[in-house]
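Here are some notes for a first look. Please have the structure open as you read.

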Amino acid sequence: MADDSKVVSDAPQDLQSLYDLMVEEGLDTLEYKSADTRIRLDRRPTQTVSVAPTHRTPSHRSSSDHSRPVAAAVPAAETADAITTPLAGVFYRTPSPTSPPFVKEGDTVEVGQTLCIVEAMKVMNEIKADKRCRIAKIVAENSRPVAAGQALFHVEPAA
């Protein structure tokens, strides 16, 4: 089995660049290490992402605040009335940059209707409605990475 990890020696300017690199390379895990910083990003949905500085800096926070993870995978309450993505990738609301969106907030969708595309490893995966419902809110941001299990749309029963 291949190792889906990569150690980065020169850090990109922000975490988004690191995540974009993970998506482009098809990596599950990416680590950045420097003399005073270690960052580990893990795209597996059951994991947490944490940033642990290797040096101490003065802070007004209590010591218990330093041990909390930065982000959890997907809170259960967020996916209760939601359509989620089964895979990690880049979320697209439209089939092409000049096309109208598949759905808008307030639209009623039918079973099997295409709602969006999630691009993973240069493959365009259509996400389709599994029930008749109304799109209450579009949660994911167009052209931005999404994690497996992340809510894309909040939905309500169709009238």
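1. A term first: buried means under 20% relative accessible area, exposed means over 50%, and partly exposed lies in between. By that scale R132, at 41% relative accessibility, counts as partly exposed. Keep in mind that this is a predicted model.

2. Start inside. The largest nonpolar core has 17 residues. Seven names are worth marking: I83, F91, V109, L115, I135, L152 and F153 touch the most other members. Three strands each supply at least two residues of this core: β8 (114-120), β10 (133-138) and β12 (151-157).

3. Take I83 from that core. Which residues does I83 touch, leaving aside those up to four places away in sequence? The list is L115, I127, C133, Q150, A151, L152, F153 and V155. L115, L152 and F153 also stand, like I83, among the residues that touch the most other core members.

4. There is another core, apart from the largest one. This other core has 10 residues, including L18, Y19, M22 and L27.

5. Now the charged pairs. Side chains of opposite charge can pair when their charged atoms come close. The count here comes to four salt bridges. Three of them are taken up below, beginning with R132 and E110.

6. The side chains of R132 and E110 meet at 3.0 Å, N to O. R132 lies in the loop between β9 (123-128) and β10, while E110 lies in the loop between β7 (108-109) and β8, so the pair ties together parts that are 22 residues apart in sequence. E110 has a relative accessible area of 39%, so it is partly exposed. R132 is partly exposed too, at 41%.

7. What joins strand β10 to strand β12 here? R134 and E156 meet in a salt bridge, at 2.5 Å from N to O. R134 sits in strand β10 and E156 in strand β12, 22 residues apart, and the pair links distant parts of the chain. Is R134 buried or partly exposed? With a relative accessible area of 28%, R134 is partly exposed. E156 is partly exposed as well, at 34%. Both strands also supply residues to the largest nonpolar core.

8. Last, K104 and D107. Their side chains form a salt bridge at 4.0 Å, N to O. K104 has 48% relative accessibility; exposed would need over 50%, so K104 counts as partly exposed. D107 has 23%; buried would need under 20%, so D107 counts as partly exposed.

How values were computed. Residues are numbered from 1 along each chain as its sequence is written. This is a predicted model: local features need pLDDT of at least 70, side-chain atom pairs count only at pLDDT 80 or more; totals for chains, interfaces and linings use all residues. Side-chain values use heavy atoms; hydrogens and water are left out. A nonpolar core is a set of buried Ala, Val, Leu, Ile, Met, Phe, Trp, Tyr and Cys residues joined through side-chain atoms within 4.5 Å. Buried means under 20% relative accessible area, exposed over 50%, partly exposed in between (1.4 Å probe, protein chains only). Helices (H or I, at least four residues) and strands (E, at least two) are DSSP runs, numbered from the N terminus. Contact means heavy atoms within 4.5 Å.
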